Amino acid sequence: MKKPLGRDSDIDCHMLDIGPRTVPLRVRRNSRARRMILRIDADNDGAVVTLPPRVKIEEGLAMARGQTDWIAEKLSDLPRRVMFANGAVIPLAGVPHRICHDPNARRGVRRENDDLVVSGRPEHLPRRLSDWLKAEAKRTIAPLAREKAAMIGKKPSSITVRDTRSRWGSCSATGGLSFSWRLLLAPDWVLEYVVSHEVAHLQHLNHSDAFWQVVDGLTEHMDDARQWLNEHGTGLHRYG
Ligand SMILES: [Zn+2]
């Protein structure tokens with residue numbers, strides 16, 4: 001269901017019993033809504049009902065209570081969060097890898113075929129693995145970015161890797177490139193595209209036709225990768 005245009009504001013929050021569990025139900029009001037709208041609230045693992053002016057909160061609650069099966073079904077379709085823990089599976093370059101905790105292993109994280117062996121105390125595993133993934137992302141991305149930049153006679157002033165939710169990469173006016181470590185989870189040709197995209201900004205700090213021509217010259221995967229990110233990009237935020 002589509003979100004109505006116009007200003008939305010939260011006016012109430014309730015807990016809603018959807019059978020197997022209780023989930024948060026946010027009640028919002030929208031000055032331009034013409035009827036009540038019930039949606040899934042993926043960020044809060046609950047639902048949100050939007051009321052037009054003058055409709056009572058009770059009517060919104062009644063509508064949500066009448067749709068608990070629909071809410072439960074939609075929530076169960078949402079991709080589940082995958083925490084970093086022994087036995088969990090995460091993709092690396094698009095290939096599933098199992099996290100194996102081995103307290104007696106050599107210090108750090110080691111790749112063994114399709115396993116990621118993490119040493120140390122169990123309570124340190126999430127932090128240890130996420131540090132390793134960020135470092136590994138930098139080890140993968142930095143040389144590739146320098147290589148791509150050299151192809152167009154440029155040199156990035158810096159290359160950093162962070163955990164950004166809104167974008168996969170960015171290029172500053174001073175030529176600093178920044179990337180999300182989560183690109184390490186995506187197929188390598190998707191990572192290659194994002195690196196090419198940001199490197200192309202060293203030449204054109206816009207999204208003009210000339211810019212896209214440079215991207216196209218740096219990677220063969222522009223269209224496929226853009227489509228992949230559209231379809232699967234948000235799924236990369238499930239991990240950790
Ligand atoms: Zn861009």
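Let's start with the sheet of three strands: in this predicted model, the strands line up in the order E9-E11-E10, the sheet is open, and the pairing is mixed. Strand E9, residues 158–162, and strand E10, residues 169–171, stand at the edges with a single partner strand each, so one side of each is left without a neighbour in the sheet. From one strand to the next, the twist averages 15 degrees.

Now look at how E9 meets its partner. E9 and strand E11, residues 176–180, run parallel and are joined by five bridges. If you want a pair to click on, try Thr160, which stands opposite Ser178 in E11.

Two helices belong in this picture. Helix H3, residues 125–151, lies across E9 and E11, and runs at about 150 degrees to E9. Helix H4, residues 188–200, also packs on the sheet, where H4 touches E10 and E11. The direction of H4 makes about 15 degrees with that of E10.

So what angle do H3 and H4 make where they pack? About 50 degrees, with their axes 9 Å apart. Anything from 35 up to 65 degrees falls between roughly parallel and roughly perpendicular, and H3 and H4 are therefore oblique to each other. As for handedness, H3 passes H4 in a right-handed crossing. Which residues meet there? On the H3 side we have Ile141, Leu144, Ala145, Lys148 and Ala149, and on the H4 side Glu192, Val195, Ser196 and Val199. You can colour those two sets on screen and see the contact for yourselves.

Let's go to the other sheet I wanted to show you. This is an open sheet of four strands, in the order E1-E2-E4-E3, again with mixed pairing. Strand E1, residues 8–17, and strand E3, residues 37–41, are the edge strands, and each pairs on one side only. Ignoring direction, neighbouring strands here are turned by 25 degrees against each other on average.

Within this sheet, E1 and strand E2, residues 22–30, run antiparallel, and nine bridges join them. Here the pair to click on is Asp10, which stands opposite Arg28 in E2.

This sheet has its helices too. Helix H1, residues 57–65, packs on it and touches E1, E2, E3 and strand E4, which covers 46–51. The direction of H1 makes about 140 degrees with that of E4. Helix H2, residues 68–77, packs on the sheet as well, touching E1, E2, E3 and E4. For H2 the angle given is with E3, and it is about 30 degrees.

A few single residues next, beginning with the backbone. Most residues other than glycine have a negative phi. Arg54 is not a glycine, yet its phi is positive, at about 75 degrees. Where does Arg54 lie? In the loop between E4 and H1. Is Arg54 buried or exposed? Arg54 has 6 C-beta neighbours inside 10 Å, and therefore counts as exposed.

Ala93 also has a positive phi, near 50 degrees. You'll find Ala93 in the loop between strand E5, residues 89–92, and strand E6, residues 95–101. With 15 C-beta neighbours inside 10 Å, Ala93 counts as partly exposed.

One more residue, towards the end of the chain: His232, which is found in helix H6, residues 222–232. His232 has 16 C-beta neighbours inside 10 Å, so this residue counts as partly exposed. How far apart are His232 and Ala186 in space? From C-alpha to C-alpha they are 8.9 Å apart, while in sequence they are 46 residues apart.

Let me zoom out to finish. The protein chain has six helices and eleven strands. Why do we call it more spread out than a compact globule? Because its radius of gyration is 22 Å, well over the 18 Å that the globule rule gives for 240 residues. The C-alpha trace spans about 60 × 55 × 25 Å along its principal axes.

On burial, 25% of the 240 residues count as buried. And on contacts: of those with a separation of 6 or more, 44% are accounted for by residues 24 or more positions apart.

Definitions and conventions:
Residues are numbered from 1 along each chain as its sequence is written. This is a predicted model: local features need pLDDT of at least 70, side-chain atom pairs count only at pLDDT 80 or more; totals for chains, interfaces and linings use all residues. Two strands pair if DSSP finds at least two bridges between them. Axes are lines fitted to C-alpha atoms, for helices over the stretch in contact, and angles run from 0 to 180 degrees between N-to-C directions. Two residues are in contact if their C-beta atoms, placed from the backbone, lie within 7 Å. The radius of gyration is taken over C-alpha atoms; the globule rule is 2.2 Å times the number of residues to the power 0.38. A residue is buried if 20 or more other C-beta atoms lie within 10 Å of its own, exposed if 12 or fewer, and partly exposed in between; C-beta atoms are placed from the backbone. Angles under 35 degrees count as roughly parallel, over 145 as roughly antiparallel, 65 to 115 as roughly perpendicular and the rest as oblique. A crossing is left-handed if the near helix is turned anticlockwise from the far one by less than a right angle, and right-handed if clockwise.
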